[in-house]
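Here is a short briefing on one protein chain. Keep the structure in view as you read.

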Amino acid sequence: MSTNLAARVAKRAQTANVGHRADRGTPPPLVAFVHSMRGEIARALPSHVASPERIARIALTELRRVEHLAECTQESFGGALMTCAQLGLEPGGVSGEAYLLPFWNKQLGAYEVQLVIGYQGMVRLFWQHPLAAGLDAHTVYENDDFDFEYGLAPVLRHRPARGDRGQPTEYYAVARMTNGGSAFVVLSGGEVERIRQRSKAKDRGPWTTDYDAMARKTCVRQLFKLLPKSAELARAVAHDESVRRDTGPDGIDAVPAYVEGEVVAEQPTEHAEATGPGATDGGMA
């Protein structure tokens with residue numbers, strides 16, 4: 001009897017070990033989901049953009065690199081990935097074109113993916129417009145020679161200081177069109193900071209790693225309100241800092257969701273309030 005008991009215990013332990021190895025060998029749900037989306041990504045990508053294999057590879061790298069991203073809902077991750085594919089932007093922080101950030105949705109009680117279009121992504125989409133002739137965005141420092149004036153005869157003059165330029169004071173973006181038109185937008189450091197404070201991603205992602213680029217992107221985004229936009233650029237502006245839950249091809253033209261919540265760095269606990277950890281009202285940059 002003792003022999004039979006020992007045999008049963010050994011068999012049970014072996015079965016548990018096999019199951020444990022199988023669990024360890026099973027990829028996380030979003031990893032398998034990315035592999036299953038290769039066909040949809042291939043159909044969504046513009047012809048001039050990198051292969052669907054590269055997009056999928058970058059997405060898998062982001063899943064391993066960005067904390068809590070692998071815990072996001074499948075719908076929001078797939079929606080963000082499809083938006084990147086349809087806009088022709090790489091979904092990773094290395095290129096600076098787009099960022100996939102985990103976002104605690106306090107209404108849903110789960111992580112979702114917030115897509116943040118980067119400065120390089122906005123610039124790239126601008127140059128796809130047939131009327132695009134030039135786009136510049138710069139940081140102004142306290143020792144620079146800088147002056148601007150709006151009105152019927154607008155003026156923008158910026159001469160960077162030689163040597164020590166001091167601290168940033170303003171940011172601006174200027175665009176020129178092939179039909180001779182031009183426009184510019186100037187934002188003070190305080191104005192940029194107030195816009196950052198309205199962003200759900202204000203304390204994580206590109207606002208913490210690439211503040212200067214995000215400040216210039218904010219100017220570019222404000223400038224685009226004054227310019228004729230291509231369909232791709234209009235979609236990028238609409239989906240910037242949003243959550244998309246529809247992975248179908250028509251989801252890019254639907255009104256995206258802006259949900260109250262917060263990009264967080266820590267996993268919520270069972271004792272957290274129903275509104276989620278560190279939740280605040282979100283906004284757009």
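**The chain at a glance**

The chain has ten helices and eight strands. This is a predicted model. Start with the whole chain, then look at its largest pocket and at one pair of strands, S4 and S5.

**Whole chain**

- The chain holds 285 residues, and 46% of them are buried.
- Take the contacts between residues at least 6 apart in sequence: 65% of these join residues at least 24 apart.
- The exposed area of the chain is about 14,600 Å². Carbon and sulfur atoms supply 52% of that area.

**Largest pocket**

- Rolling a probe the size of a water molecule over the atoms shows where empty space is left.
- The largest pocket contains about 200 Å³ of space.
- Its lining is made by 14 residues, and those closest to the pocket centre are Arg65, Val66, Tyr99, Leu101 and Gly205.
- Three elements each give two or more residues to this lining: helix H4 (52-65), strand S1 (98-105) and helix H8 (206-209).
- By type, the lining residues are five nonpolar, four polar and five charged.

**Hairpin of S4 and S5**

- Strand S4 covers residues 145-149, and strand S5 covers residues 155-159.
- The two strands run antiparallel, and five bridges join them.
- Asp145 stands opposite Arg159 of S5.
- S4 and S5 form a hairpin, with five residues between the strands.
- Gly151 lies in the turn and has a positive phi of about 130 degrees.
- In a regular strand the side chains alternate between the two faces of the sheet.

Key
Residues numbered from 1 in each chain as written. Predicted model: local features only at pLDDT ≥ 70, side-chain atom pairs only at ≥ 80, totals over all residues. Heavy atoms only, no water. Helix = DSSP H or I, 4+ residues; strand = E, 2+ residues; numbered from the N terminus. Buried < 20%, exposed > 50% of the residue type's maximum accessible area, 1.4 Å probe, protein only. Contact = heavy atoms within 4.5 Å. Areas by Shrake-Rupley, 256 points an atom, 1.4 Å probe, with all protein chains shown as cover. 1 Å grid on protein atoms, 1.4 Å probe; cavity = no way out; pocket = protein on both sides within 12 Å on 5 of 7 lines; lining within 4 Å. Points joined across faces, edges and corners; volume = space filled by probe spheres on them. Nonpolar A, V, L, I, M, F, W, Y, C, P; charged D, E, K, R; others polar. Pairing = 2+ DSSP bridges.
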